[in-house]
Amino acid sequence: MCSLQIQFADQKQEFSKRPSKIGRRSLSRSISQSSTDSYSSAASYTDSSDDETSPRDKQQKNSKGNGDFCIKNIKQADFGRREIEIAEQEMPALMALRKRAQGEKPLAGAKVVGCTHITAQTAVLMETLSALGAQCRWAACNIYSTQNEVAAALAEGGFSVFAWKGESEDDFWWCIDRCVNVEGWQPNMILDDGGDLTHWIYKKYPNMFKKIKGIVEESVTGVHRLYQLSKAGKLCVPAMNVNDSVTKQKFDNLYCCRESILDGLKRTTDVMFGGKQVVVCGYGEVGKGCCAALKAMGSIVYVTEIDPICALQACMDGFRLVKLNEVIRQVDIVITCTGNKNVVVREHLDRMKNGCIVCNMGHSNTEIDVASLRTPELTWERVRSQVDHVIWPDGKRIVLLAEGRLLNLSCSTVPTFVLSITATTQALALIELYNAPEGRYKQDVYLLPKKMDEYVASLHLPTFDAHLTELTDEQAKYLGLNKNGPFKPNYYR
């Protein structure tokens, strides 16, 4: 067993179960919603319109004669490789895992089927899993998010990748099926983002779960779907809820959004933030990041909230807490960050001022009621990729970004270093589940133990030349802690 595995297993800490406090959400989410929750990647400099031939109609092979993939253009592999090399510089923990795994393969024999955004950062994760001993087959979790050149680099490197930017809904499910349904190869681990891959296997190939050791899921939506399966007694393998790990919540959600909100807005609209009035709906980790960035740029920021605790935090951070109706006529930018549905509805959209920018930073494309804008009296005018003017009969127009989908993955990029933290957590969750002795994890949804969260954080500290203070024996005894951690209880968030 790998030394990485040993240091977690020795703690004898099972992943603590998170109480299911989710609302009613149908597992049979519509295909259109599930596959378009978030976004195209603006990092991809190749346009899917360059060649109108569907990748499904092409016969492509890499330089070694392997054709077990379906991507836009294998000739873009060199360009994609350079993007992956740039990402490697900002993903130190994954690179450290590769070095520490030399000679030890904690995922030897693992057959991982993945469904995530296929970007340069995901490629570093996939190549790390391969270095750890895993075989991988991969599809995109969204029809817009694939970087075509990165998919080409992965295919050239021998990965079975089925994805391209601008897939149709039929393409989306076809690609997932090609990953799963292949002669002579059956997955024993699932890495999912949104739950579509898990849902597809349950729907089409339920017998596969007899050999699957576990599921690792990183998104809010996918975790909700897992809890629904668990509640219904239909979850037949252990599952890891990476989304609610500390390393995901405190870093990916907060710091990623603090940087990418400005990036997405600036690339799409060239707006100046100084003096603009902005309302941010929701003050969770995503909302906190957005508000901090906009405040720092000189914007006047209002916040809406349903939770009195988050609301009080917004007030203590210097933001004015309002109801959306109170400020909708005067604000210049509306940003949703709630994870809810119909937060901004047609009534709000009708009352917005001319030129108001409307966008979503929450996970799903349900927060802004975009469907209510698709009516005969309103005119849609495409300005540039992912930017639309919606024009009212009196000439008033709003600027709608990414048709209400996730702004940062649709219209800009997200910081690689933050994704390194999440990807490392995913890799370690796979290692833990794959190597866990039978019976350690039941057919339920688990959180990562705090020791693993702390390990992921520690792998990123050398980047900053950071030096941790060590407890003395006396201090450790006083606090009732092991000198090597964990330093926080499992319920700490």
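Me: In β4, which residue is the bridge partner of Val112?
Reply: This is a predicted model: local features need pLDDT (the predictor's confidence in each residue, from 0 to 100) of at least 70, side-chain atom pairs count only at pLDDT 80 or more, and totals for chains, interfaces and linings use all residues. Residues are numbered from 1 along each chain as its sequence is written, and side-chain values use heavy atoms, with hydrogens and water left out. Strands (E, at least two residues) and helices (H or I, at least four) are DSSP runs, numbered from the N terminus. In β4, Val112 has as its bridge partner Met189.

Me: Over how many bridges do β1 and β4 pair?
Reply: Two strands count as paired if DSSP finds at least two bridges between them. Strand β1 covers residues 111-116 and strand β4 covers 189-192. Gly114 stands opposite Leu191 in β4. The two strands run in the parallel sense, and their bridges number four.

Me: Which residue in β5 stands opposite Met189?
Reply: β4 also pairs with strand β5, residues 214-217. That pairing is parallel, over four bridges. Opposite Met189 in β5 stands Gly214.

Me: Are the residues on both faces of β4 buried or exposed?
Reply: Buried means under 20% relative accessible area, exposed means over 50%, and partly exposed lies in between (1.4 Å probe, protein chains only). Met189 and Leu191 sit on one side of β4, Ile190 and Asp192 on the other. Both faces are covered, and these four residues are all buried.

Me: Which are the edge strands of the parallel open sheet?
Reply: Seven strands form this sheet, in the order β3-β2-β1-β4-β5-β6-β15. An edge strand here pairs on one side only. The edge strands are β3 (160-162) and β15 (445-446).

Me: What angle does the direction of helix α7 make with that of β2?
Reply: Helix α7 (residues 169-180) packs on the parallel sheet, touching β1, β2 (135-140) and β3. Contact means heavy atoms within 4.5 Å. Axes are lines fitted to C-alpha atoms, for helices over the stretch in contact, and angles run from 0 to 180 degrees between N-to-C directions. For α7 and β2 the angle is about 170 degrees.

Me: In β13, which residue is the bridge partner of Arg382?
Reply: Another open sheet has eight strands in the order β9-β8-β7-β10-β11-β14-β13-β12, with mixed pairing. Its edge strands are β9 (320-321) and β12 (379-384). β12 pairs with strand β13 (residues 387-391) in the antiparallel sense over five bridges. The partner of Arg382 in β13 is Asp388.

Me: What is the angle between the planes of Phe251 and Tyr255?
Reply: Rings of Phe, Tyr and Trp (its six-membered ring) pair if their centres lie within 6.5 Å; planes under 30 degrees apart are stacked, over 60 edge-to-face, and the rest tilted. By this rule there are seven aromatic pairs. Phe251 and Tyr255 form one that is tilted, at 5.8 Å centre to centre, with an angle between the planes of 35 degrees.

Me: In which helix do Phe251 and Tyr255 both lie?
Reply: Phe251 is partly exposed because its relative accessibility is 27%. Tyr255 is partly exposed too, at 33%. The two are four residues apart, about one turn of the helix, in α10 (residues 246-269).

Me: How far is the charged end of Lys396 from the ring centre of Trp392?
Reply: A charge sits over a ring if NZ of Lys or CZ of Arg is within 6 Å of the ring centre and within 35 degrees of the ring normal. Lys295 sits this way over Phe319, 5.1 Å from the centre. For Lys396 over Trp392 the distance is 4.0 Å.

Me: What separates the C-alpha atoms of Thr269 and Val399?
Reply: Thr269 is in helix α10. Thr269 is partly exposed because its relative accessible area is 21%. Beyond its neighbours within four places in sequence, Thr269 is in contact with Ile357, Arg384, Val399 and Leu401. Thr269 and Val399 are 130 residues apart along the chain, yet their C-alpha atoms are separated by 8.5 Å.

Me: What average pLDDT does the protein have?
Reply: Over residues 1-49 pLDDT stays under 50. Of the residues, 89% score at least 70. The protein's average pLDDT is 88.
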